[in-house]
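Some words used for protein models have exact meanings. The questions below ask how such words are earned here.

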Amino acid sequence: NTIFTRVNFEDITTSVDILKALESSILKRVEVTYSYQKFTFTVEPYKIISFDGYWYLLGRDVKKNTIKKYKIKDINNLSLNKNVFMYDENISDKLENAINVWFNPNKEGYTVELLINKEVKHYFKERPINKSQRIRENEDGSMEIELTITHNMEIVPLIGYWTPHIKVISPEHLYNEVIGRIKSLVEDYQL
């Protein structure tokens, strides 16, 4: 074999029946009811999604009228209901801009501006962070990226990974969170 890739996914072989039932309910646009972490939910199932190797159901909690993510492995006692629902097309657009499971489809996004060093900017050109990404080249060879997120934790892990080659320009609350995490990390590593 001439190609190798490392893509790790959680093992959900014990949830195959749940997955099949969810897929059926999504295609039929019917609500489902199930047990999840000691609670019972009735949900309009929209999509089966995977982020960072974990599998989730994205759906609207009928009782609270909010969109949530439910870990597939934690869904039990699933049954399809007879209630038909209309799929919210805006969900697909929001999902397209999601970076990881931290995205919040119930919130409007906000703009983040990042400064990328010239040494690593090609990585961000080759594989955009999300579909909303816009690039601005600087004369010194660095690059600014502007993108939309719904939760700081959508971008904080990526910033941590690429530090010191990436810096937050705005918003201030994200900058402060990243600086706080860096200071905490330095304190934790002192002997």
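What follows is a set of questions and answers on a sheet and a pocket.

This is a predicted model, in which local features need pLDDT of at least 70, side-chain atom pairs count only at pLDDT 80 or more, and totals for chains, interfaces and linings use all residues. Residues are numbered from 1 along each chain as its sequence is written, and side-chain values use heavy atoms, with hydrogens and water left out.

Q: Why are strand 3 and strand 4 called paired?
A: Two strands pair if DSSP finds at least two bridges between them, where a strand is a DSSP run of E with at least two residues, numbered from the N terminus. Six bridges join strand 3 (residues 54–61) to strand 4, so the condition is met. The two run antiparallel, and R60 stands opposite I67 in strand 4.

Q: What makes strand 4 and strand 5 edge strands?
A: The open sheet has five strands in the order 4-3-2-1-5, with antiparallel pairing. Strand 4 (66–71) and strand 5 (75–84) each pair on one side only.

Q: Which residues are the closest to the centre of the largest pocket?
A: They are R127, P128, I129, L158 and W162, out of 14 lining residues. Lining residues have an atom within 4 Å of a point of the pocket, an open set on a 1 Å grid over the protein atoms alone, where a 1.4 Å probe fits, with protein on both sides within 12 Å along at least five of seven lines.

Q: Which helix gives the most to this lining?
A: Helix 4 does, with four residues; a helix is a DSSP run of H or I with at least four residues.
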